[in-house]
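User: Please take a close look at one part of this model, and set it in its surroundings. I would like one connected account, with each cut-off stated.

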Amino acid sequence: ALMYASTGDHAVKAKADALVAILAQCQKAHGNGYLSAFPETLFDRLREGQPVWAPFYTLHKIMAGHLDMYVHTGNEQALETLKGMADWVARWVAPLSDEHMQRVLEVEQGGMLEVLCNLYAVTGREQYLWTARHFDHHAVFDPLAEYRDELTGLHANTNIPKMIGAARQYEVTGRVRYHNIA
């Protein structure tokens with residue numbers, strides 16, 4: 001999407017549109033909005049606290065790509081597929097207590113907070129902002145909200161996307177807490 005946006009190369013856009021169409025078919029075949037590079041059972045393992053490598057990290061990359069396709073090329077199918085994915089995430093996080101979700105957030109989740117805030121900005125659907133807030137990692141955010149730097153020893157690639165998400169949440173909500181965190 002970004003390559004098309006910068007070059008206007010219609011062959012690139014056609015290939016990207018074809019990829020979106022194929023991914024939308026995969027999502028449709030799954031039947032519940034889920035779309036990722038691995039089976040849904042990895043999220044079951046994540047929920048149960050079993051070892052698993054970062055399923056939300058991968059999901060974020062696919063969601064961000066679909067958002068880019070919509071924003072930069074106007075691909076409506078990409079937006080619909082993305083909304084299906086975000087709705088699946090909302091259903092996945094809904095039954096989890098805050099305490100349980102905080103345990104889930106110990107596993108890298110990429111830019112889930114940011115992409116859900118961006119989707120809210122594009123659609124205006126409050127559900128996406130509600131879902132985004134489930135990715136507020138209190139162990140990282142609470143000290144920062146109080147201007148305490150407790151980041152020493154934390155993995156940058158895991159935590160910088162959280163800060164970007166906090167900044168985006170500030171932009172879309174105006175809540176000072178997220179400004180302080182960022």
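**Helix H10 and its surroundings**

Analyst: In helix H10, the residues that count as buried are Thr158, Asn159, Pro161, Lys162, Met163, Gly165, Ala166, Gln169 and Val172. Buried here means under 20% relative accessible area, exposed means over 50%, and partly exposed lies in between (1.4 Å probe, protein chains only); a helix is a DSSP run of H or I with at least four residues, numbered from the N terminus. This is a predicted model, in which local features need pLDDT of at least 70 and side-chain atom pairs count only at pLDDT 80 or more, whereas totals for chains, interfaces and linings use all residues. Residues are numbered from 1 along each chain as its sequence is written, and side-chain values use heavy atoms, with hydrogens and water left out.

H10 has 18 residues, and its first and last C-alpha atoms are 25 Å apart, close to the 26 Å expected at 1.5 Å a residue, the expected span being 1.5 Å times one less than the number of residues. The buried residues of H10 pack against H7, H8, H9 and helix H11 (176-181); contact means heavy atoms within 4.5 Å. After H10 comes Gly174, with a positive phi near 75 degrees.

One partner, helix H7 (residues 112-123), has twelve residues and reaches 16 Å from first to last C-alpha, close to the expected 16 Å. Met112, Leu113, Val115, Leu116, Cys117, Asn118, Leu119 and Tyr120 are buried in H7, and the cover over the buried residues of this helix includes helix H4 (55-73), H5, helix H8 (126-133), helix H9 (138-145) and helix H10 (156-173). Asn118, which lies in H7, counts as buried because its relative accessibility is 17%. Leaving aside neighbours within four places in sequence, Asn118 is in contact with Leu67 and Arg168. Just after H7, Gly124 has a positive phi of about 75 degrees.

The other partner to follow here is H9, where Val140, Phe141, Pro143, Leu144 and Ala145 are buried; among the elements covering these residues are H7, H10 and H11. H9 is followed by Tyr147, whose phi is positive, near 60 degrees, in a residue other than glycine. Tyr147 sits in the loop between H9 and H10, and it counts as exposed because its relative accessibility is 63%. Glu150 is also placed in the loop between H9 and H10, but at 45% relative accessibility Glu150 counts as partly exposed. Its C-alpha is 9.2 Å from that of Ala139, which is eleven residues away in sequence.

Lys162, one of the buried residues of H10, also helps to line the largest cavity, together with Gln109, Gly110, Gly111, Met112, Leu113 and Phe135. Rolling a probe the size of a water molecule over the atoms shows where empty space is left. On a 1 Å grid over the protein atoms alone, a cavity is a set of points where a 1.4 Å probe fits but cannot get out, and lining residues have an atom within 4 Å of a point; the points are joined across faces, edges and corners, and a volume is the space filled by probe spheres set on them. By this rule there is one cavity of 30 Å³ or more, and the largest cavity has a volume of about 30 Å³. Its lining consists of three nonpolar, three polar and one charged residues, where Ala, Val, Leu, Ile, Met, Phe, Trp, Tyr, Cys and Pro count as nonpolar, Asp, Glu, Lys and Arg as charged, and the others, Gly among them, as polar.

Phe135, named in that lining, is also one of the residues with the most contacts inside the largest nonpolar core, which has 43 residues; the others so listed are Phe43, Phe56, Leu59, Met63, Val89 and Trp92. The largest share of this core, eight residues, comes from helix H5 (residues 76-93). A nonpolar core is a set of buried Ala, Val, Leu, Ile, Met, Phe, Trp, Tyr and Cys residues joined through side-chain atoms within 4.5 Å. Beyond its neighbours within four places in sequence, Leu59 is in contact with Leu35, Ser36, Phe43, Met85, Trp88, Val89 and Met112.

A last reference point is Arg103 in helix H6 (residues 98-104), which counts as partly exposed because its relative accessibility is 47%. Its C-alpha atom is separated by 19 Å from that of Ala166, 63 residues apart along the chain.

Notes: Helix = DSSP H or I, 4+ residues; strand = E, 2+ residues; numbered from the N terminus. 1 Å grid on protein atoms, 1.4 Å probe; cavity = no way out; pocket = protein on both sides within 12 Å on 5 of 7 lines; lining within 4 Å.
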